[in-house]
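Q: I should like to learn how to read packing features from a structure. May we take them one at a time, with the general idea before the case?

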Amino acid sequence: MVDDNDKLAQRLRRHALRAAGAAQARARQGHSRFKAYLLRYPPAQRAVLIVLWGMAALLALLLLYVLILIPLTPGISDLRQARSAQASVLVSSDGKQLATFEQGLQERVRLDQVSPHVVKALVATEDHRFYDHHGIDFRRSVGAVLYTLKGDSQGGSTITQQLARNMFPEEIGRSRNLNRKLKEMITAIKIEATYTKDEILEAYLNTVPFLYNTFGIEMAARTYFDKPAARLDILESATLVGMLKGTKYYNPVTNAERSVQRRNVVLGQMLKHGVINEARFKALKKRPLRLHFERQPERGGTDSHFSSFVRKWMIQWADENDYNLQLDGLVVQTTLDSGLQQAALRAVARQGDALQAIADVEWSQPGLSYTSSTSAYAGMHHAINPFEYFWKSKRGLLDAFIRETPEFKQAVEDGEAARDALKRLKSDRKFMAELRAAKTRLETGFVAIDPQTGEVKAWVGSRDFRRDQYDHVAQAARQPGSTFKPIVYGAALEKGMSPERPYVDAVLDIKAGDGKVWRPTDMSGSSGNRMTLREGLVYSKNTITAQVMQDVGLPGIIQLARDLGIKDSALDSVPSLALGTSPVTLLEMVSAYSTIAAQGEYRPPVFVKRITDRDGKVIAEFGGEAPRRAMSNESAVTLIDMMRGVINRGTGTGVRYRFGITADVAGKTGTTQKNADGWFILMHPNLVAGAWVGFNDNRVAMRSNYWGQGGHNAILVVGDFFKAALESGKVDPRAVFPGAPKPAPVQEDEQPVEVEEQPGELYEGGIAPAEPVLDEPVEVEGIDEAIEVIQEPPPPDPQRQFDPVEVPQPQSIEPLEN
């Protein structure tokens with residue numbers, strides 16, 4: 001049997017060999033006949049024939065491929081109809097729509113509404129035989145190939161081909177290959193058969209992208225030159241046309257010199273093709289770039305500060321990844337939790353209104369008596385003229401406000417005398433009413449982050465996005481006051497210091513690197529007694545914090561701040577940094593506290609979880625990276641415990657007795673000079689939330705020291721939010737930080753001893769001025785101006801006696817009304 005199989009295999013091999021031999025013989029015969037045929041001709045003719053036959057074969061294959069592609073490209077009916085574009089959308093983590101990109105920056109205009117300079121510059125630069133071809137300029141295409149082979153890459157696309165890409169980016173594709181080029185050419189021929197030349201130019205100019213989510217020449221003219229397209233002059237037209245070669249590379253906002261060079265190339269093309277003469281070209285190319293950049297409104301009716309922030313981020317992402325947010329139908333899933341966002345919006349609205357009423361009432365009359373009841377102010381509000389006393393007592397400040405307005409500056413620029421402009425504007429009742437209202441509108445920012453993922457769960461940038469688009473979460477940088485102190489104490493723990501390390505509550509001289517001497521004090525005075533490092537943070541003592549800062553050193557504090565999450569704001573390397581004098585954003589501070597809450601693991605804030613295309617395919621995902629260790633687990637757990645003391649017996653007790661929050665939480669309050677900024681940040685194992693309260697202009701502030709404290713103003717917003725988050729189950733009330741003691745029940749009507757926090761002072765010689773009269777606060781323009789510096793301080797008085805610290809009691813505290 002085996003022998004039979006072997007014989008069969010041998011026969012098959014012989015047949016295969018014979019077949020292969022026959023094929024080779026036929027090939028040799030064919031080659032011989034072809035060779036004999038070629039040998040009839042001289043060598044030169046033989047070479048020509050070979051090349052021609054090769055080209056013919058390639059052309060035949062190309063023609064066959066083109067015939068296959070024709071039905072795969074957009075048809076005439078597609079060109080005649082409006083393309084069914086689908087706008088990209090932003091959705092919350094639970095799928096609720098937040099905003100869309102359907103309000104993209106595009107306004108279609110007719111060709112006769114576009115400056116002739118634009119059309120002439122476009123045709124001369126992009127396609128000077130535009131009126132002579134039928135969609136494809138074969139001469140230019142061949143030239144582009146030859147130049148590219150020489151190493152000088154050039155584009156060979158006509159305006160019609162570029163329009164094809166703009167109209168049908170998905171159908172034609174984005175890859176730089178022959179397939180895309182052929183589709184583009186076929187579609188261009190179809191466009192030429194459907195539209196007139198003017199219609200093609202009009203469609204092109206209305207669809208071409210110009211960065212900053214702007215599409216079309218009209219929005220580009222408004223964005224870069226603050227004028228309609230019809231009024232663009234020749235230089236402005238050449239600048240915009242020059243951007244078409246590479247909008248990002250030739251962006252006049254970020255690359256002015258490069259943009260001017262490209263503009264002059266466009267002018268050179270206009271000279272070459274007879275649009276301008278030599279003399280005008282030489283004169284024009286010497287002129288500087290004059291932009292009037294004004295980013296156009298990019299929000300729809302449902303926009304918020306969060307969606308506006310993500311929108312800007314998405315515009316950059318789309319530019320870098322070659323997506324069209326208006327047409328590509330992307331679904332951008334953000335990290336925002338719609339339930340927590342609603343709780344944040346309600347807290348900001350409710351407590352913002354309450355604090356506005358307090359400010360209105362307290363600044364309405366010369367005399368001042370305060371209560372800790374928010375409802376009392378609400379009851380008085382209808383009978384007062386808000387801020388009446390403020391404006392009467394600060395007439396010089398009012399004049400300063402007027403001089404800073406665009407209306408005043410424009411009037412002076414137009415030749416009106418400053419005194420006359422000031423008088424005229426002061427007599428304009430509508431103008432003055434709007435100015436006063438804007439300056440005295442209390443604002444707040446709020447943000448909440450999941451410390452375990454870095455995902456932003458709630459974000460409110462102001463009390464009303466429609467009235468104030470200025471974002472007090474990521475845009476506004478304000479002095480954090482004592483909310484910065486945990487970073488100082490965290491650096492001390494990282495250096496090995498014990499939380500029970502003793503310090504003396506006394507005013508000391510601190511010598512800065514430049515030889516200046518600083519003397520930090522507390523407005524409540526210094527006791528001269530020993531206090532532990534832990535107590536220094538719990539009671540927010542400036543004297544203790546300053547000594548801790550000396551022992552740790554500024555470099556260590558700044559480095560820890562950076563590691564925790566304060567990445568972008570400048571941190572001044574001066575002693576007062578420890579008291580929170582360097583402005584930071586709320587987002588940075590809450591991110592830093594989130595790192596502490598995550599036991600020292602830093603995760604950057606995450607705003608977008610994933611991006612999918614219109615068919616649901618995931619094209620990008622974000623977050624999920626391994627965290628980076630910013631501080632040791634042991635130090636973070638100890639710091640959390642110290643900040644737990646701030647809530648249980650320090651300056652943050654209001655979050656418990658006003659809102660009845662019994663969960664394991666830790667946090668810190670913050671207040672800056674003249675009550676300009678109130679801060680409160682609260683940490684829970686599942687969520688970290690922080691709020692800032694103040695006025696956009698820090699020359700306006702809460703009047704009474706009580707309501708000027710972060711432990712009384714910003715704490716209302718955070719407490720209101722956290723109460724709702726706990727009651728709704730969004731935050732687990734049973735979750736605890738490591739080493740948490742069993743929480744004692746706290747009743748909303750308890751009246752605990754309340755530690756008031758006032759901004760620290762750095763006085764010359766350590767001598768504090770007289771206690772300010774409550775109804776007329778000391779005029780200090782921010783914390784930096786309350787810092788006095790001396791070169792040679794007098795020696796300290798060894799006989800100085802220290803008064804004990806007096807802890808003020810709150811007046812008639814009542815639970816917050818829901």
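A: Certainly. This is a predicted model. Let us begin with aromatic residues: Trp-363, Phe-387, Phe-390, Trp-391, Phe-401 and Phe-695 together form one aromatic cluster.

Q: How many aromatic pairs does the count give?
A: The count comes to 21 aromatic pairs, where a pair requires ring centres within 6.5 Å.

Q: How is a single pair described, and what is the geometry of Phe-309 and Trp-459?
A: A pair of aromatic rings is described by two quantities, the distance of the centres and the angle of the planes. For Phe-309 and Trp-459 the centres are 4.9 Å apart and the planes stand at 40 degrees, so the pair is tilted. Stacked would require under 30 degrees and edge-to-face over 60.

Q: Where in the chain do these two residues lie?
A: Phe-309 belongs to helix α14 (residues 305-321) and Trp-459 to strand β7 (residues 456-460). The two are 150 residues apart, and the pair thus links distant parts of the chain.

Q: Is Trp-459 buried or exposed?
A: Trp-459 has a relative accessible area of 1% and is therefore buried, the limit being under 20%. Phe-309, at 26% relative accessibility, counts as partly exposed.

Q: Which charged residues sit over aromatic rings?
A: Two cases may be given. Arg-258 lies over the face of Tyr-249, at 3.9 Å from the ring centre. Over the ring of Tyr-602 sits the charged end of Lys-567, 4.5 Å from the centre of that ring.

Q: Let us turn to sheets. What is the strand order in the open sheet of five strands?
A: The order is β2-β1-β5-β16-β17, and the pairing is mixed. At the edges stand β2 (97-100) and β17 (618-621); each has a single partner strand, so one side of each is left without a neighbour in the sheet. On average, neighbouring strands of this sheet are turned by 20 degrees against each other, direction ignored.

Q: In which sense do β16 and β17 pair?
A: Strand β16 (residues 608-612) pairs with β17 in the antiparallel sense, over three bridges. Within this part of the sheet, Ile-611 stands opposite Ala-620 in β17.

Q: Finally, at what angle do helices α11 and α12 pack?
A: Helix α11 (residues 234-243) and helix α12 (residues 256-272) pack at about 105 degrees, with their axes 8 Å apart. That makes α11 roughly perpendicular to α12, a term that covers 65 to 115 degrees. Among the residues making the contact are Ile-234, Leu-235 and Ala-238 of α11, and Val-266, Leu-267 and Met-270 of α12.

Conventions
Residues are numbered from 1 along each chain as its sequence is written. This is a predicted model: local features need pLDDT of at least 70, side-chain atom pairs count only at pLDDT 80 or more; totals for chains, interfaces and linings use all residues. Side-chain values use heavy atoms; hydrogens and water are left out. Rings of Phe, Tyr and Trp (its six-membered ring) pair if their centres lie within 6.5 Å; planes under 30 degrees apart count as stacked, over 60 as edge-to-face and the rest as tilted. Helices (H or I, at least four residues) and strands (E, at least two) are DSSP runs, numbered from the N terminus. Buried means under 20% relative accessible area, exposed over 50%, partly exposed in between (1.4 Å probe, protein chains only). A charge sits over a ring if NZ of Lys or CZ of Arg is within 6 Å of the ring centre and within 35 degrees of the ring normal. Two strands pair if DSSP finds at least two bridges between them. Axes are lines fitted to C-alpha atoms, for helices over the stretch in contact, and angles run from 0 to 180 degrees between N-to-C directions. Angles under 35 degrees count as roughly parallel, over 145 as roughly antiparallel, 65 to 115 as roughly perpendicular and the rest as oblique. Contact means heavy atoms within 4.5 Å.
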